[in-house]
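Q: Could you take me through how to read the main features of a model such as this one? I would like the general idea, then the case at hand.

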Amino acid sequence: MLDDLTTAASSPAPWPAAYPQGYAVVDVETTGLARDDRIISAAVYRLDARGGVEDHWYTVVNPERDPGPVWIHGLTSDVLEGAPLFQDIAAEFAARLEGRVLVAHNAVFDWQMIAREYARARSEAPVKQRLCTIALSKELKLPLPNHKLESLAAHFGVVQRRAHHALDDARVLAEAFRPSLRAAAAGGVRLPLHECLPLTEWADRPPRAGQQSGPGGYRPASWRPSRKRPACPYPNPGRYEPGKRLKQGMRVAFSGDTSVERDLLEDRATEAGLHVAGSLSRLTSLLVANDPDSGTSKVVKARQYGTPVVDEAAFGQLLGDVEPAPED
């Protein structure tokens, strides 16, 4: 397969005019996987339009809290104590991302962690689009045993030296992305580009009463407050009809990035009398998704069920005029 891709990539087919002009291959290591976790190291390989390396950059970041799974990333509290805070490296990080498509392995995770850090710093990352190398490998139909970075690297003969070190992971991904990009160009494959929405509102959750704070005032990663919401007091009136008002009791689900932090958006929906659902079913009245072409399981199900889909901006307008449930 690699020989086939190499042959295809070296063919004289013209480079697709619609392809991006530059890429930022990114990897971040974090204290964990939840919304309250922090970035502790970040690396960026800047690539030109055809995947050639322009330069690279790496930094550790003081998360102001416990570093989490040290046995995975190797960054101890002692190592991170003198590191810069995220707000200290935010401008340099942004300069590396400016005007480029963010490329990462499981890109939605890296993007969400980055967007949250910039929101905490009262700023926004200058990223408009992202590309996930897992999605690209599927588009290319690469014969991989799984979707791990090590499998993608092995397919292209890229040697990994320090797994879970942001700089080496970014290097490996950049070296595997280059032949993937060229094979996609040679085959006229549409790149799986998705819009990135920076967080415009953010709220750190208050600690639970009596909960001990971690270093710098942050809560230990072992505690996560419950987001269980009270039952919606109104019956489900059915599906939303485009062009009409939302009705109290309608069942609403969310998929993908939102510019308002997800919990805040869900709180607003609940306050308006809507039923916020974590999953999508035939009973769902409306799906909110800023990227209807994302191919997420919820978007696919919505198409199958005939569930209407609107973006965040349209949903925000609908929230301003929700029809009250009929009185008994």
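A: Charged pairs make a convenient start; note that this is a predicted model. Side chains of opposite charge can pair when their charged atoms come close. Here R96 forms a salt bridge with D55, with 3.3 Å between the closest N and O atoms. This pair links distant parts of the chain, since R96 sits in helix 4 (residues 86-97) and D55 in strand 3, 41 residues apart.

Q: Is R96 buried or exposed? And how does D55 count?
A: The cut-off for buried is under 20% relative accessible area. R96 has 14%, so R96 is buried. D55, at 23%, counts as partly exposed.

Q: Which other side chain meets D55 in a salt bridge?
A: R46 does, at 2.6 Å from N to O. R46 has 19% relative accessibility and therefore counts as buried.

Q: How many salt bridges does the structure hold, and which residues do shared partners join into one network?
A: There are 16 salt bridges in the structure. The network made through shared partners consists of R35, D36, E261 and D263. Within the network, D263 forms a salt bridge with R35, where the closest N and O atoms are 3.4 Å apart. D263 belongs to helix 9 and R35 to the loop between strand 1 and strand 2, so the pair ties together parts 228 residues apart in sequence. D263 is buried at 11% relative accessibility, and R35 is buried at 9%.

Q: How should I read the burial pattern of helix 9?
A: An α-helix has 3.6 residues a turn, so residues three or four places apart point the same way. In helix 9 (residues 262-271) the buried residues are D263, L265, E266 and A269. Viewed down the axis of helix 9, these fall within an arc of 160 degrees, so they line one face of the helix.

Q: What covers the buried residues of helix 9, and what follows helix 9?
A: The cover includes strand 7 (251-255), strand 8 (275-277) and helix 11 (312-319). Helix 9 is followed by G273, which has a positive phi near 95 degrees.

Q: In what order do the strands of the sheet with strand 7 and strand 8 run?
A: Strands of a sheet pair through backbone hydrogen bonds, either parallel or antiparallel. This open sheet has 4 strands in the order 8-7-9-10, with parallel pairing. Strand 8 and strand 10 (309-310) are at the edges with a single partner strand each, so one side of each has no neighbour in the sheet. Strand 7 pairs with strand 9 (residues 286-289) over 4 bridges in the parallel sense. One of the residue pairs is V252 with its bridge partner L286 in strand 9. Helix 9 lies across strand 7 and strand 8 and runs at about 170 degrees to strand 7.

Q: What is the strand order in the sheet of 6 strands?
A: The order is 3-2-1-4-5-6, in an open sheet with mixed pairing. Its edges are strand 3 (53-60) and strand 6 (193-195); each has a single partner strand, so one side of each is left without a neighbour in the sheet. On average, neighbouring strands of this sheet are turned by 25 degrees against each other, direction ignored.

Q: How do strand 1 and strand 2 pair, and which helices pack on this sheet?
A: Strand 1 (residues 22-30) and strand 2 (residues 39-48) run antiparallel and are joined by 9 bridges. T30 stands opposite I39 in strand 2. Helix 5 (residues 107-120) lies across strand 1, strand 2, strand 4 (101-104) and strand 5 (129-132), at about 75 degrees to strand 1. Helix 8 (residues 166-187) also packs on the sheet, touching strands 1, 2, 3, 4 and 5, and its direction makes about 145 degrees with that of strand 1.

Q: Which residues have the most contacts inside the largest nonpolar core?
A: In soluble globular proteins, nonpolar side chains tend to be buried together. The largest nonpolar core here has 31 residues, and those with the most contacts inside it are Y19, Y23, V25, F177 and L191. Strand 1, strand 2, strand 4, helix 7 (149-155) and helix 8 each supply at least two residues of this core. Helix 8 gives the most, with 11 residues. Apart from this core lies another, of 30 residues, including V28, V61, A90 and M113.

Terms used. Residues are numbered from 1 along each chain as its sequence is written. This is a predicted model: local features need pLDDT of at least 70, side-chain atom pairs count only at pLDDT 80 or more; totals for chains, interfaces and linings use all residues. Side-chain values use heavy atoms; hydrogens and water are left out. Buried means under 20% relative accessible area, exposed over 50%, partly exposed in between (1.4 Å probe, protein chains only). The arc is that of the directions from the helix axis to the C-beta atoms. Contact means heavy atoms within 4.5 Å. Two strands pair if DSSP finds at least two bridges between them. Axes are lines fitted to C-alpha atoms, for helices over the stretch in contact, and angles run from 0 to 180 degrees between N-to-C directions. A nonpolar core is a set of buried Ala, Val, Leu, Ile, Met, Phe, Trp, Tyr and Cys residues joined through side-chain atoms within 4.5 Å. A salt bridge is a side-chain nitrogen of Lys or Arg within 4 Å of a carboxyl oxygen of Asp or Glu.
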